[in-house]
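Work through the exercises below with the sequence and the structure open. Try each task before reading its solution.

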Amino acid sequence: MKRELTNKELLDRYIHAVKLMLMLPPDKMEDIGAEVRANLESQLEDQAMALRRELRPEEVSAVLKRHGHPAKVALQYREQPGRALISPALFPLYWFTLRAVLAVWVTIRVIVAVFVFQGTTPAGTILLTLGRDVLLAAIIMPAGVTLLFAVWEYLELRFRYSERWKPEALSPVPPHGLQPPKPRPTVQIIGGMASLVLGALALFSSSFFWVWGARGVFGPSDALYAMRFLLWLLVFCWASLSWLGSTRFAASRWLHVLRIAVEVVGAALAIFLVRSGDLLVAGPKWIPTQAKSLATLNQMVAGVLVLACIVVGLDFLRRFIRFMRRPGDRGLSMA
Amino acid sequence: MNLTAFENLRLELRRGCLVLAVLAELRSEGHGYALVKALRDGGLEIDENTLYPLLRRLENQGLLASAWRVENKRNKRFYRLSAEGRDVLARLLEEWRNINGAIEKLSETRIPARRRQA
């Protein structure tokens, strides 16, 4: 039979649990523990005096229960109570990024699964692999994004970037306000037709989106693995910095430096890829005998990546021209 | 009536007042539990899990000083207002009176006057 705990044991256990959950240096833990104990002992003493007898263990237990769960008590004593890993100010951007990363990844993975299905792999195996990958991504990607934002939050807390902004450095309001101007119908028609033609070429031409790169440095399949990481990293950085441009960090001096650096690297990489020699295919490792549908997908992915690089390069060129044209302002305000 | 909104606003209003009440009460030395009882007797209910961390924060800010002492055979931590705390309390009380006076004026004088004009 289980032994009933004494009043002292109950109190000791409670104080111990509070101390454990404080996660503070030992001297502070002991100090806070002693204070909570003194408070509880006074309460118990008062209650015993009111009842004119010793308290029973269940009455002590009720007092402790009323005082609150040890974790709740400990939380109140933290140095910065209620501090979140991702602050409310950053949370909307965090939430958007998390959903965007997951959505993009799942879309790409499903497209790959569809293309693989046209090959020789059984449907059941593809579905199982797809399910496993989606589950893994659902765990790993939120962890990665959370870690990135936590680092951002820490840097913000430490260096207070958001407090260094100046109203003068904010972007001017465009003449058309928040709504971008509507493109002309001819531009829309030409744009639509170009998309159709490019899409058709991507799907049916075996060589349209193949990219040349890295002669003598990598073999085709090695180049694929080395380059696609850099390319994705670059696209990710560029997209992240573009998002940053519309947040409270928009006026941060180092943001502009970082953005310029990323764009310079993007432009240089795009030039390198266009000028170099051997075949580079992004996507799963290239095997000359593999299914044609998979090869086409590889080419499409490569095409998207290279287009992204070209966009980064052009964007840099646009900023550079604006910077050169701006009289008397040659600081760090290229954006 | 929107009870949640009222509760949130009430808590927000009380938060600042509690600091003032604690500082005012600690012009004479006292330990945490006695302070809870004193505030309760004075009509300000405060949760111990709110009060003790608040006392620590005020001490870290240099507004309170504390020392462990034995009372009724028990070791207790006694708090009192520091010199800086006394100065801050005096200024906060003045601010409180100004706010109180302004709210009184706004709620009792101006709104009926406007209504009369309307």
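Helices here are DSSP runs of at least four residues, numbered from the N terminus. The model is predicted.

**Exercise 1. Survey chain A: how many helices and strands does chain A have?**

Step 1. Chain A has 10 helices and 2 strands.
Step 2. Read from the N terminus, the elements run α-α-α-α-α-α-α-β-α-α-β-α.
Step 3. Turn to burial. Of the 335 residues of chain A, 19% count as buried.
Step 4. Look at contacts with a separation of 6 or more. In chain A, 74% of them join residues 24 or more positions apart.

**Exercise 2. Check the length of H2(A): what should its residues span, and how far apart are its end C-alpha atoms?**

Step 1. H2(A) covers residues 26-51 of chain A.
Step 2. The expected span is 1.5 Å times one less than the number of residues. For the 26 residues of H2(A) this gives 38 Å.
Step 3. The end C-alpha atoms of H2(A) are 37 Å apart, which agrees with the expected span.

**Exercise 3. Find what follows H2(A), and give its phi.**

Step 1. A:Arg52 comes after H2(A). The residue sits in the loop between H2 and H3 of chain A.
Step 2. Phi of A:Arg52 is positive, near 60°, in a residue other than glycine.
Step 3. Compare with the general rule. Most residues other than glycine have a negative phi.
Step 4. Is A:Arg52 buried or exposed? A residue counts as exposed if 12 or fewer other C-beta atoms lie within 10 Å of its own. A:Arg52 has 6 such atoms within 10 Å, so A:Arg52 is exposed.

**Exercise 4. Describe how H1(A) packs on H2(A).**

Step 1. Two packed helices are described by the angle and the distance between their axes.
Step 2. The axes of H1(A), residues 7-22, and H2(A) come within 9 Å and cross at roughly 145°. The crossing is right-handed.
Step 3. H1(A) brings A:Leu11, A:Ile15, A:Val18, A:Lys19 and A:Leu22 to the contact. From H2(A) come A:Met29, A:Ile32, A:Gly33, A:Val36, A:Arg37 and A:Leu40.
Step 4. Sort these residues by type: 8 are nonpolar, 1 is polar and 2 are charged.
Step 5. Now list the buried residues of H2(A). They are A:Ile32, A:Glu35, A:Val36, A:Ala38, A:Asn39, A:Leu40 and A:Ser42.
Step 6. In chain A, these buried residues pack against H1, H3 (57-67) and H4 (70-76). In chain B, they pack against H2, H3 and S3.

**Exercise 5. Analyse the side of chain B that touches chain A: which element gives the most residues?**

Step 1. Here 11 residues of chain B are in contact with 14 residues of chain A.
Step 2. On the chain B side, H2 (32-41), H3 (48-60) and S3 each give two or more residues.
Step 3. H3(B) gives the most, with 5 residues.
Step 4. By type, the chain B side has 3 nonpolar, 4 polar and 4 charged residues.

**Exercise 6. Work out the sheet of chain B: what is its strand order?**

Step 1. The sheet is open and has 3 strands, in the order S1-S3-S2, with antiparallel pairing.
Step 2. S1 (30-31) and S2 are the edge strands, each pairing on one side only.
Step 3. S2(B), residues 64-71, is joined to S3(B), residues 74-81, by 8 bridges.
Step 4. Check the register. B:Leu64 stands opposite B:Leu81, and B:Ser66 stands opposite B:Tyr79.
Step 5. The hairpin of S2(B) and S3(B) has 2 residues between the strands. B:Asn72 takes a positive phi near 50° there.

Conventions
Residues are numbered from 1 along each chain as its sequence is written. Chains are lettered from A and ligands numbered from 1 in the order in which they are written. This is a predicted model: local features need pLDDT of at least 70, side-chain atom pairs count only at pLDDT 80 or more; totals for chains, interfaces and linings use all residues. Axes are lines fitted to C-alpha atoms, for helices over the stretch in contact, and angles run from 0 to 180 degrees between N-to-C directions. A crossing is left-handed if the near helix is turned anticlockwise from the far one by less than a right angle, and right-handed if clockwise. Two residues are in contact if their C-beta atoms, placed from the backbone, lie within 7 Å. Ala, Val, Leu, Ile, Met, Phe, Trp, Tyr, Cys and Pro count as nonpolar, Asp, Glu, Lys and Arg as charged, and the others, Gly among them, as polar. Two strands pair if DSSP finds at least two bridges between them. A residue is buried if 20 or more other C-beta atoms lie within 10 Å of its own, exposed if 12 or fewer, and partly exposed in between; C-beta atoms are placed from the backbone.
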